[in-house]
Amino acid sequence: MSKLTLSPAWKALAAHRQKIEAANLAELFAADVSRAGRFSIEAGELMLDYSKHRVDAETMRLLAALAAQAQLPSWIARMFAGDPINSTEARAVLHVALRSGDTRFPEGFDVMPAVRGALESMRRFVGEAHGGVLRGVDGRAITDVVNIGIGGSDLGPRMLVRAMRKFAKPGLRTHFVSNIDPADLEAALAGLTPATTFFIVASKTLTTVETLDNAARARTWLEAALGKSTGLSRHFAAVTANIEGAAALGVPPERVFPLWDWVGGRYSVWSAVGLPVALAAGMDAFEELLEGARAMDAHFRNEPLERNMPVVLALLEIWCVNFFGTQTRAVIPYSEDLRDLPAYLQQLEMESNGKRVDRDGNEADYATAPVVWGAAGTPSQHSFHQLLHQGTRQIPVDFIVVGHDGKPSAAQAALAANALAQSAALAFGAPAPGAPHKTLPGNRPSSTLVLKDLTPRSLGALIALYEHKVFAEGVIWNLNSFDQWGVEHGKNLARALLPKLLGGADTAGLDASTRGLLARLRRRD
Ligand code: F6P
């Protein structure tokens with residue numbers, strides 16, 4: 001048994017679970033007319049309603065005690081102090097510095113001059129691009145920017161460019177390519193003019209095969225149309241911590257935007273990895289995004305645990321996962337502009353806390369990160385909501401609703417009405433006497449997050465909220481949320497298999513299934 005599951009706070013929660021297991025949400029609401037207000041939190045542009053979770057005041061007190069037992073406040077302080085809490089890579093975790101307004105931060109080793117320098121270069125470059133100064137090898141102004149990157153170097157900017165669609169600046173289009181499948185680059189380049197197309201090669205390590213392959217194919221595409229010339233470097237920028245690698249790619253030094261080892265890929269959208277966002281919506285909008293996240297950082301650092309929005313979200317997840325055995329969580333943004341959010345959160349949450357060995361090197365005897373999945377509402381209602389309402393599994397849901405500053409159009413109001421209806425139906429169900437197939441059992445947990453409006457500021461706060469939720473879960477589950485060793489072995493196997501697939505190299509030593517699949521793939525009849 002681990003320290004965690006033997007701990008007093010955990011045992012108290014397990015005992016409490018026995019008591020509250022039979023509680024019914026409808027009864028909990030009937031018994032407490034102020035329940036909705038009691039179990040909701042406002043933080044700047046965001047409001048969280050978690051009253052439709054199977055919790056009462058005692059539950060929240062016991063959960064906050066679990067966070068206190070894990071010394072969450074001091075872990076938060078250690079992150080903001082730049083301590084090397086990414087222990088297996090001996091690195092600090094300072095994505096918060098990218099949105100810090102402090103002149104000097106953190107005290108121990110000041111990274112703000114570098115951060116401000118990078119923001120300055122971004123602002124200069126965005127100004128050139130919007131001012132028509134950014135020109136290709138034949139002097140024509142750039143009209144299309146293609147971001148080549150994967151994982152944290154793709155999902156964040158891709159999600160935000162779509163989410164900030166309303167703020168898009170005219171004149172420049174952005175495109176995203178991540179997959180090694182050549183179809184991805186082909187589709188992105190279809191209809192583009194090489195002379196007016198610019199590529200951002202975004203990769204913290206610049207060792208990622210997909211990104212290097214796509215960058216090479218992009219150069220070939222340019223050369224095919226514009227000839228082999230050194231001028232082609234005018235069509236490339238790089239965002240990376242590997243400055244030598246960028247030089248090797250032929251990217252001019254003034255077009256290399258830095259990243260640092262104290263920024264995790266999946267936490268990097270606040271850096272120059274967000275360049276496509278600034279190009280699409282403008283540098284002012286990008287800085288509003290940073291401000292929104294900064295406000296959530298202040299909330300996370302200062303609010304008491306039980307009124308701290310990221311901490312409460314983390315504790316609700318632990319309550320569901322570890323005490324009610326849920327295995328997945330659905331994220332359903334009722335916003336077409338936020339439709340890439342579930343994919344973004346999959347990497348953030350599952351690459352951070354999808355781990356079975358704790359910080360002390362012991363195998364965890366408790367569940368860690370659930371499978372995060374989702375899609376935009378209302379299309380999701382016509383897809384998997386049947387299972388959410390009548391399936392045999394409890395699937396907690398995060399509904400995300402945009403408030404449009406209280407002035408929604410009729411269609412926007414209908415969208416929000418559907419989100420509220422879905423969370424109510426999950427919570428309170430609907431009996432159908434004599435027609436069990438029509439009955440909704442209800443008592444299914446959900447949180448609803450309301451954004452005042454879909455603005456760069458509220459988006460910044462929303463993402464920082466989930467980043468800090470993941471941080472709090474990692475601390476309580478005693479995990480290092482900032483490494484991802486599990487992804488390397490598959491990459492190495494793929495590297496070794498490629499020549500066997502292409503060149504027919506010897507397959508001795510491979511398992512029979514892989515050998516069989518290779519043989520099938522190599523067969524040409
Ligand atoms: O393979 C996983 C990963 O390392 C992610 O953590 C990262 O976001 C992604 O690959 C891309 O890495 P890079 O930015 O170094 O190309």
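This is a guided tour of selected sites in a predicted model, arranged as a series of selections to make in the viewer.

**The largest pocket**

Begin by selecting T205, T208, V487, E488 and K491, which are the residues nearest the centre of the largest pocket among the 43 that line it. The space held in this pocket comes to about 1100 Å³. To see which elements form its wall, colour α10 (209-226), α15 (341-353) and α19 (488-503), since these are the elements that give two or more residues to the lining. Of the elements on display, α19 deserves a colour of its own, as α19 gives the most to this lining, with 5 residues. If you then colour the lining by residue class, you should find 16 nonpolar, 14 polar and 13 charged residues.

**The second largest pocket**

Next, move to the second largest pocket, whose volume is about 360 Å³, and select K3, L4, A70, I476 and N478, the closest to its centre of the 19 residues that line it. Three helices, α1 (3-6), α5 (57-69) and α18 (456-476), can be shown as ribbons here, because each of them supplies at least two residues of the lining. The largest share comes from α18, with 3 residues. Coloured by class, the lining of the second largest pocket divides into 7 nonpolar, 7 polar and 5 charged residues.

**E473, in helix α18**

Stay with α18 and select E473, which lies in that helix. Is E473 buried or exposed? Its relative accessible area is 1%, and E473 is therefore counted as buried, the cut-off for that class being under 20%. To see what surrounds the residue, display L313, A314, E317, I318, E349 and N353, all of which E473 touches when residues up to four places away in sequence are not counted.

**N214, in helix α10**

Now return to α10, one of the elements that contribute to the lining of the largest pocket, and select N214, whose place is in this helix. The relative accessible area of N214 is 0%, so this residue is buried. Leaving aside residues up to four places away in sequence, the contacts to display around N214 are I148, V177, S178, N179, I180 and L185.

**Strands β8 and β9**

Select residues 328-334, which form strand β8, together with residues 371-374, which form strand β9; the two strands run parallel and are joined by 4 bridges. For one residue pair within this arrangement, label A330 and W373, W373 being the bridge partner of A330 in β9. Then follow the chain from β8 through α15 to β9, a path that makes a right-handed β-α-β crossover. The helix in this crossover, α15, was also coloured at the first stop, as one of the elements that give two or more residues to the lining of the largest pocket.

**Two cis peptide bonds**

From β9, continue to T378, which is placed in the loop between β9 and α16 (385-390). The peptide bond joining G377 and T378 is cis, with omega about 10°. Where is the other cis bond of this tour to be found? Select F105 and P106, for the peptide bond from F105 to P106 is cis as well, with omega near -15°. P106 is found in the loop between α6 (72-80) and α7 (112-130).

**H404 and D405**

The next selection is H404, in the loop between β10 (397-402) and α17 (410-428), and with it D405, which is placed in the loop between β10 and α17. The backbone is the feature to inspect here: H404 has a positive phi of about 50° although it is not a glycine, and D405, likewise not a glycine, has a positive phi of about 50°. Their accessibility classes can be read alongside these angles: H404 counts as buried at 17% relative accessibility, whereas D405 is partly exposed, with a relative accessible area of 36%.

**R520 and E27**

For the last stop, select R520 in helix α20 (residues 512-522). R520 is partly exposed, because its relative accessible area of 42% falls between the cut-offs of 20% and 50%. Finally, draw a distance between the C-alpha atoms of R520 and E27: these residues are 493 residues apart along the chain, and the two atoms are separated by 59 Å.

Note on methods
Residues are numbered from 1 along each chain as its sequence is written. This is a predicted model: local features need pLDDT of at least 70, side-chain atom pairs count only at pLDDT 80 or more; totals for chains, interfaces and linings use all residues. Side-chain values use heavy atoms; hydrogens and water are left out. On a 1 Å grid over the protein atoms alone, a cavity is a set of points where a 1.4 Å probe fits but cannot get out, and a pocket is an open set with protein on both sides within 12 Å along at least five of seven lines; lining residues have an atom within 4 Å of a point. Grid points are joined across faces, edges and corners, and a volume is the space filled by probe spheres set on the points. Ala, Val, Leu, Ile, Met, Phe, Trp, Tyr, Cys and Pro count as nonpolar, Asp, Glu, Lys and Arg as charged, and the others, Gly among them, as polar. Two strands pair if DSSP finds at least two bridges between them. A crossover is right-handed if, with the strands pointing away from the viewer, the path from the first strand over the helix to the second runs clockwise. Buried means under 20% relative accessible area, exposed over 50%, partly exposed in between (1.4 Å probe, protein chains only). Contact means heavy atoms within 4.5 Å.
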